[in-house]
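Colleague: I should like to learn how to read the features of a model in order. May we begin with a single residue and proceed from there?

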Amino acid sequence: MTGSWGWDLLIGIVVALLVAWVVLIGALAIVRPRGGLLREALRLLPDVLRLVRRLAADPDLPRGVRVRLALLLAYLALPIDLVPDFIPLLGYADDAIIVTAVLRSVVRRAGLPAVRRHWPGTDDGFAVLARLTGLDRASTGPQEAE
């Protein structure tokens with residue numbers, strides 16, 4: 001391309017990072033909650049963060065679930081967002097979308113009793129969480145053994 005392997009490498013890395021970022025933005029747009037659920041997810045975020053912390057500390061849950069939750073907490077603690085806040089629709093909602101996607105995965109593995117046991121909010125909030133994550137469609141126990 002440029003004749004210099006250093007510049008070619010730098011350009012290749014920048015292009016690869018840009019493509020990966022665009023793919024992640026597309027994935028966020030696909031898995032985002034529909035309708036008014038995104039607004040409800042943003043409202044529930046403080047309770048959901050306490051739930052994630054409690055689930056991550058539960059030694060009865062499979063290690064894979066706790067690792068996912070620990071990675072989620074680390075992502076949320078970082079000051080850098082996957083989607084900058086100035087991007088319409090997804091800018092402020094990326095944290096809620098990522099939390100929802102991870103919780104969907106956790107619900108499939110941990111089951112309803114574990115999530116309900118650790119839920120710090122109201123029953124109405126739990127009903128919204130159930131709709132967001134598909135908990136209301138999940139079975140009452142873990143789906144797979146780890």
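Modeller: Certainly. Let us begin with Asp60, which is exposed because its relative accessible area is 68%, and exposed means over 50%. This is a predicted model. Asp60 belongs to the loop between α2 and α3.

Colleague: How far apart are Asp60 and Ala114 in sequence and in space?

Modeller: In sequence, 54 residues separate Asp60 and Ala114, while their C-alpha atoms are 8.9 Å apart in space. A second pair can be read in this way: Leu72 and Asp95 are 23 residues apart in sequence, with 9.5 Å from C-alpha to C-alpha.

Colleague: Is Leu72 buried or exposed?

Modeller: Leu72 is found in helix α3. Its relative accessibility is 3%, so Leu72 counts as buried, the cut-off for buried being under 20%.

Colleague: Which other residues of α3 are buried, and where do they lie around the helix axis?

Modeller: Besides Leu72, the buried residues of α3 are Gly64, Val65, Leu69 and Tyr75. Viewed down the axis of α3, the buried residues fall within an arc of 135°, so they line one face of the helix. Arg63, Leu71 and Ala77, on the other side of α3, are exposed. As for its length, α3 spans residues 63-77 and has 15 residues; from first C-alpha to last it reaches 21 Å, close to the 21 Å expected at 1.5 Å a residue.

Colleague: I should now like to turn to the interior. Which residues have the most contacts inside the largest nonpolar core?

Modeller: They are Val48, Leu51, Leu69, Leu103, Val106, Trp119 and Leu129, in a core of 25 residues. At least two residues of this core are supplied by each of α2 (37-56), α3, α4 (94-110), α5 (112-118) and α6 (123-133). The largest share, 7 residues, comes from α4.

Colleague: How many residues of α4 are buried?

Modeller: Of the 17 residues of α4, 13 are buried, and the helix is mostly covered. The reach of α4 from its first C-alpha to its last is 24 Å, close to the 24 Å expected at 1.5 Å a residue. Just after α4 comes Gly111, with a positive phi of about 90°.

Colleague: Which residues of α6 are buried?

Modeller: In α6 the buried residues are Gly125, Phe126, Val128, Leu129, Ala130, Leu132 and Thr133. Leu129 is also one of the core residues with the most contacts. Just after α6, Gly134 takes a positive phi of about 80°.

Colleague: Let us consider charged side chains. How should one read a salt bridge, and how many does a search of the whole structure find?

Modeller: The general idea is that side chains of opposite charge can pair when their charged atoms come close. In this structure the search finds 3 salt bridges. One of them joins the side chains of Asp47 and Arg50, at 2.2 Å from N to O. Both residues lie in helix α2, 3 residues apart, which is about one turn of the helix. Asp47 counts as buried because its relative accessibility is 17%, whereas Arg50, at 34%, counts as partly exposed.

Colleague: Which residue forms a salt bridge with Asp58, and which parts does the pair tie together?

Modeller: The partner of Asp58 is Arg117, and their closest N and O atoms are 3.0 Å apart. Arg117 lies in helix α5 and Asp58 in the loop between α2 and α3, so the pair ties together parts that are 59 residues apart in sequence. Arg117, at 51% relative accessibility, counts as exposed, whereas Asp58, at 5%, counts as buried.

Colleague: What are the accessibilities of Arg116 and Asp123?

Modeller: Arg116 is partly exposed, with a relative accessible area of 34%, and Asp123 counts as exposed at 55% relative accessibility. Their side chains meet in a salt bridge of 2.4 Å, N to O.

Colleague: Finally, which residues make the nonpolar surface patch of about 500 Å²?

Modeller: The patch is made by Trp5, Leu9, Ile13 and Leu17. Among them, Ile13 lies in helix α1, which covers residues 5-31. The relative accessibility of Ile13 is 43%, so this residue counts as partly exposed.

Conventions
Residues numbered from 1 in each chain as written. Predicted model: local features only at pLDDT ≥ 70, side-chain atom pairs only at ≥ 80, totals over all residues. Heavy atoms only, no water. Helix = DSSP H or I, 4+ residues; strand = E, 2+ residues; numbered from the N terminus. Expected span 1.5 Å × (residues − 1). Buried < 20%, exposed > 50% of the residue type's maximum accessible area, 1.4 Å probe, protein only. Arc of directions from axis to C-beta. Patch = residues over 30% accessible without salt bridge, like charges linked within 9 Å, V, L, I, M, F, W, Y side chains within 5 Å. Areas by Shrake-Rupley, 256 points an atom, 1.4 Å probe, with all protein chains shown as cover. Salt bridge = Lys/Arg side-chain N within 4 Å of Asp/Glu carboxyl O. Core = buried A, V, L, I, M, F, W, Y, C linked by side-chain atoms within 4.5 Å.
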